[in-house]
Amino acid sequence: MPVLDYRLTQEHETLRKTVAEFAHDVVAPVIAEYYERDEFPYDIVRQMGELGLFGLPFPEEYGGMGGDYLALCLAIEELARVDSSVAITLEAAVSLGAMPIYRFGTEEQKRTWLPKLCSGEMLGAFGLTEPGGGSDAGATRTTARLENGEWVINGTKAFITNSGTDITGLVTVTAVTGVGEDGRKEISSIIVPSGTPGFTVSKKYSKVGWNASDTRELSFDDCRVPEANLLGERGRGYAQFLQILDEGRIAIAALATGLAQGCVDESVKYAKERQAFGQPIGKYQAIQFKIADMETRAHTARLAWYRAAEKMLRGEPFKKEAAIAKLYSSEIAVTNAREATQIHGGYGFMNEFPVARMWRDAKILEIGEGTSEVQRMLIARELGL
Ligand SMILES: Cc1cc2nc3c(=O)[nH]c(=O)nc-3n(C[C@H](O)[C@H](O)[C@H](O)COP(=O)(O)OP(=O)(O)OC[C@H]3O[C@@H](n4cnc5c(N)ncnc54)[C@H](O)[C@@H]3O)c2cc1C
């Protein structure tokens, strides 16, 4: 008889602990300074590469660690418990940067790109969103026409993570490559190496949160890449990115769960230390109940993403579970961050306190990789509405 068992294997548990220690010992002491300076944490990313985090779900033959998507999500959750900029750098590099190449690339593309992406020497990015809209991604305006064995790309992509660091090696962009038989836009994915003439990376956006993560606008002006840079089948770009986003939602749910749990960690610590009216604030039931509710939400969010990951690993449809996990965990991350800030009183509004960073970092979780409205649309659609 099958047993419902969400205990982690020894390997997964060891990985989780290793990343938790890394987040505590390496990330926590320095990340506030990077954040304050809006600076990409190259040194931390290099050490994440040495730990093998960028190669977690990929086979060893491509330089990966031979793990699975669950391993990646566990690492993301533990990083986000301490800092979300670092966690999203890993999430975007693996699930948006390298994964499309692993899932849809030719053998040659995999051998060319994956070893460097897996080692963290190089970061990949995924350019889907455009200034004119992200939710309606099928309305892509960027075009690519085939000319003398080359794709000539024109258009603009907005808000692309990891796209302009010194170690960014490529961005996979979606572009309209023609019109299908049904009269709809034919969308394909194309790999554009960094530094290709005609490909310009803007300066970093000034953001509310994720300040130590790299986010840029990209423009393509008669940018030419070889025909062989097509990723996957021509015209399958839309289906490919839907698949990538379904998986990515589990990773974002893990990230949101980590942030929500980090809010609990910080609040418990602070509630034991901070005195008011002659005793630690943690002695007051009002504070205890807030923290108990925060823990309940983080715990439930974790179960939601575990369930989605379990279905994915079993090879079962997981679209609805991934959307539920992403929707729930991102909304409770915002709630937990607000409550953690409240528990910290005035200090919660000071950037030097981790909860202030968590509060600033939480909101984007309800927007990136599909807004909460889009998740609700997906869930309703899965229910046949
Ligand atoms: C920091 C950051 C990093 C990002 N990284 C990446 C990246 O690496 N790659 C990438 O491709 N994109 C990235 N994005 C883009 C992100 O995925 C989009 O911002 C998101 O999908 C929403 O798209 P939009 O901003 O164009 O909003 P819009 O699509 O314009 O939506 C605006 C509002 O309208 C709502 N809405 C839209 N359509 C409907 C509807 N049918 N019914 C109800 N409500 C609707 C939305 O939910 C939202 O509230 C990033 C964004 C940020 C801010």
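## Glu369 and the loop before α11

Glu369 sits in the loop that runs between α10 (354-362) and α11, and in this predicted model its phi is near 50°, a positive value in a residue that is not glycine. Glu369 counts as buried because its relative accessibility is 15%, and buried here means under 20%.

Glu369 also takes part in the surroundings of the ligand, since a backbone N or O atom of this residue lies 3.4 Å from an oxygen atom of the ligand.

## Polar atoms facing the ligand

Besides Glu369, two further residues place polar atoms close to ligand oxygen atoms: a polar side-chain atom of Thr371 lies 2.6 Å from an oxygen atom of the ligand, and a polar backbone atom of Leu128 is 2.9 Å from an oxygen atom of the ligand. The ligand has 970 Å² of accessible area on its own, and the protein covers 64% of that area.

## The pocket and its shell

The space that the ligand takes up is the largest pocket. There are 19 residues around the ligand, and those that come nearest are Thr129, Gly134, Ser135, Thr371 and Glu373. By residue type, the shell around the ligand divides into nine nonpolar, eight polar and two charged residues.

Which elements each supply at least two residues of the shell around the ligand? These are the strand β3 (150-161) and the helix α11 (372-382), and it is β3 that provides the largest share of the shell, with three residues.

## Phe159 in strand β3

Strand β3, which contributes to the shell around the ligand, also contains Phe159. Although Phe159 is not a glycine, its phi is positive, at about 60°.

Is Phe159 buried or exposed? Its relative accessible area is 55%, and because exposed means over 50%, Phe159 falls in the exposed class. Glu369, the other residue described here with a positive phi, is by contrast buried, at 15% relative accessibility.

## Thr142 and its partner Glu130

Thr142 is found in the loop that connects β1 (123-127) and β2 (143-147). With a relative accessibility of 1%, Thr142 counts as buried, because this value is under the 20% limit.

The side chain of Thr142 is joined to the side chain of Glu130 by a polar contact of 2.7 Å, so that a polar group of this buried residue has a partner within the protein.

Definitions and conventions: Residues are numbered from 1 along each chain as its sequence is written. This is a predicted model: local features need pLDDT of at least 70, side-chain atom pairs count only at pLDDT 80 or more; totals for chains, interfaces and linings use all residues. Side-chain values use heavy atoms; hydrogens and water are left out. A residue is near a molecule or strand if one of its heavy atoms lies within 4 Å of it. A polar contact is a pair of N or O atoms within 3.5 Å; within protein, one must be able to donate a hydrogen and the other to accept it, and residues adjacent in sequence count only if both atoms are side-chain atoms. Accessible areas come from the Shrake-Rupley method with a 1.4 Å probe; for residues, only the protein chains shown count as cover. On a 1 Å grid over the protein atoms alone, a cavity is a set of points where a 1.4 Å probe fits but cannot get out, and a pocket is an open set with protein on both sides within 12 Å along at least five of seven lines; lining residues have an atom within 4 Å of a point. A molecule sits in a cavity or pocket if more than half of its atoms lie within 2 Å of its grid points. Helices (H or I, at least four residues) and strands (E, at least two) are DSSP runs, numbered from the N terminus. Ala, Val, Leu, Ile, Met, Phe, Trp, Tyr, Cys and Pro count as nonpolar, Asp, Glu, Lys and Arg as charged, and the others, Gly among them, as polar. Buried means under 20% relative accessible area, exposed over 50%, partly exposed in between (1.4 Å probe, protein chains only).
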